[in-house]
Amino acid sequence: MTPAQSLISEELREQLEADYRHLHAHPELSMQEHQTAAYVEARLTELGVEHFRCGGTGVVGVIRNGEGPTVAYRADTDGLPIAEDTGLDWSSQATGTLPDGTQTPVMHGCGHDTHVAVALALTRALAERREAWAGTVVMVFQPGEEIAAGAEAMVADGLWDRAPRPEAVYGQHVMPHLTGTIGLPVGTAMAMGDSWQVTLHGRQAHGSQPHNSIDPIVLGSHVVTRLQSVVSRSVDPRDMAVVTVGTFHAGTKENIIPQTAVLGLNVRTFKEHVRDTVLSGIRRTVEGEVLASGAPEARIEELNRFPACVNDPEESERVLEVLRAELGEDQVKVIKPVSGSEDVGVLATAIGVPLVYWFNGGHPQEVLDSDQPVPGNHSPHFAPVPQPTLDTGLRAALAVLLSRVGV
Ligand code: ZN
Ligand code: ZN
């Protein structure tokens, strides 16, 4: 039995699963995680762990256990505007209100429910088994990861002035890999992400009188089509870049040419110069198509911007050793950077300490082997199996923290 395993009782494991099911059934939208924050606070209070609110719906627990190093562990808490279609008994029926006022179903479609549940179990293990370690562990329950708002909000709210400063920040994310296994990218871990909203202004007219219009749907279609060549024709094929138009809203009726069309764009890149190339290419494409249509100037707004998530190379190698000793050589792999984005890096770069962020597999072999598409994060079908996913996440996190504060 490893030191981490010796801290995990059967009762703790049952509580972990119960927490996961509860959190899964009660997801909340980004920066509106009120019930989730209250749930976390109640548990920290129960365990006698000192805690404070930070960055709105963020919660910080500080587990003090005498002299020794200080380390931090982060779990993100938000859900997504998705109608769940997993068929799980504990599926979400929750709804929420988006910033524009519209109602939406809400789902833990990115698996942050597993992150919070694991972090609560981690807190309990450390709070109850103080003989196994010495030092301070800062548990960061971070809101608003999906919109790149929460980490910055917590830092701006004085996170590292109010909590002891750690020597390193750790965290993990559940992914559609094999359950029971961990993947860790050394160096760049996740992409930069940029989201823009582009409002194309046309001229409204009756559908039978196109000559009186500037049709924003036709204009938008040209923009969407031409955007497909930004990456293929201006980015070095050895570099990674993605441009996705995820939303295209226009019109109310088939015989009315509308006044505007609104596009939602998402960009992922790993290098600053590639990011600049892609974003300027998008801007040029929009301006060029607007000019070709004789339309008024378009409005381009930045919705959010995720910084790169970089794993400290030296600390990553150490963590890999720890994880292999805990879970077995074959269960832990070095993986390529992930094209998703994360704001966890902000928590570490704000105080210049190393970050290591790893990926916890959530799918059983039969799901990965099936001829159906494998549901990934943000899918209405994304349903990581509770076990051994939760157990693996807890053991990995405990082992990594104990490798710093263990006695
Ligand atoms: Zn996500
Ligand atoms: Zn996520």
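Donors, as I use the word today, are N, O and S atoms within 2.8 Å of the metal (3.2 Å for Na, K and Ca); water is not among the atoms, so sites may look incomplete. This is a predicted model, in which local features need pLDDT of at least 70 and side-chain atom pairs count only at pLDDT 80 or more, while totals for chains, interfaces and linings use all residues. Residues are numbered from 1 along each chain as written, chains are lettered from A and ligands numbered from 1 in written order, and side-chain values use heavy atoms, without hydrogens or water.

I begin with the metals. For the zinc ion (ligand 1), the protein donors are Cys110 (SG), Glu146 (OE), Glu146 (OE) and His378 (NE2), at 2.0 to 2.7 Å. Their spacing in sequence is C-x35-E-x231-H. The angles among the four donor atoms run from 53 to 149 degrees, and the site is irregular. By the rule, four donors are tetrahedral if all angles lie between 85 and 135 degrees; four are square planar and six octahedral if opposite donors are over 155 degrees apart and all others between 65 and 115; anything else is irregular.

The zinc ion (ligand 2) has Cys110 (SG), His112 (NE2) and His173 (NE2) as protein donors, 2.0 to 2.4 Å away, spaced C-x1-H-x60-H along the chain. Cys110 thus appears in both lists: this residue bridges the two zinc ions, ligand 1 and ligand 2, which lie 3.0 Å apart.

I turn now to the domains. An automatic or database assignment sets the bounds, giving domain 1 (3-189 + 308-405) and domain 2 (192-306). Their C-alpha centres are 35 Å apart. Contact (heavy atoms within 4.5 Å) involves 13 residues of domain 1 and eight residues of domain 2.

What area is buried between domain 1 and domain 2? About 790 Å², with carbon and sulfur atoms giving 64%; this is the accessible area (1.4 Å probe) that the two parts lose on being put together, summed over both. On the side of domain 1, Ala308, Ser339 and Ser341 lose the most area, together 51% of what that side buries.
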